[in-house]
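Student: Please take one part of this model and describe it closely, with the cut-offs behind each term.

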Amino acid sequence: MCFVIAHVRGGGEMGRGWYEEQGKYLTKKNTFFDFVDCAKYLQESGMTSPAQLAVNGRSAGGLLMGAALNIAPEMSAGAGDGSAPTPDADTLLPA
């Protein structure tokens, strides 16, 4: 088993421009392709296979998961959204 964190267009290692100019707004799709490329690399290097790969994203990562799975639905066996269950209105409102 391996656990991988793909910091697509984040982290600052590649410089601010890599994120600001090539990963936001009209170039946001680059972040999606980065993630798909990470999954492909893990598979091509023999670390995993599509049947063994599960992906997860939170907050903006939810957008990433939706886009990546639409770009390459064959890349993984499933995806999670990393969120906790949300209570319904009956449990939030006073009696």
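Tutor: The account below follows helix 2, from its packing partner to the pocket. This is a predicted model, in which local features need pLDDT of at least 70 and side-chain atom pairs count only at pLDDT 80 or more, whereas totals for chains, interfaces and linings use all residues. Numbering runs from 1 along each chain as its sequence is written, and side-chain values use heavy atoms, without hydrogens or water.

Helix 2 (residues 29–44) packs against helix 3 (residues 60–71) at about 65 degrees, their axes being 9 Å apart (helices are DSSP runs of H or I, at least four residues; strands are E, at least two; axes are fitted to C-alpha atoms, with angles from 0 to 180 degrees). The two helices are therefore roughly perpendicular (65 to 115 degrees). In the contact (heavy atoms within 4.5 Å), Thr31, Phe32, Phe33, Phe35 and Val36 of helix 2 meet Leu63, Leu64, Met65, Ala67, Ala68 and Ile71 of helix 3. These residues comprise ten nonpolar, one polar and no charged (Asp, Glu, Lys and Arg count as charged, Gly as polar).

Helix 2 also gives the most to the lining of the largest pocket, with six residues. Helix 3, strand 1 (54–56) and strand 2 (78–80) are the other elements giving two or more. The lining has 36 residues, with Phe35 among those nearest the centre, alongside Val4, Ile5, Ala6 and Asn56 (a pocket is an open set of points on a 1 Å grid where a 1.4 Å probe fits, with protein on both sides within 12 Å along at least five of seven lines; lining residues have an atom within 4 Å of a point). By class, 21 are nonpolar, twelve polar and three charged.

Definitions and conventions
Parallel < 35°, antiparallel > 145°, perpendicular 65-115°, else oblique.
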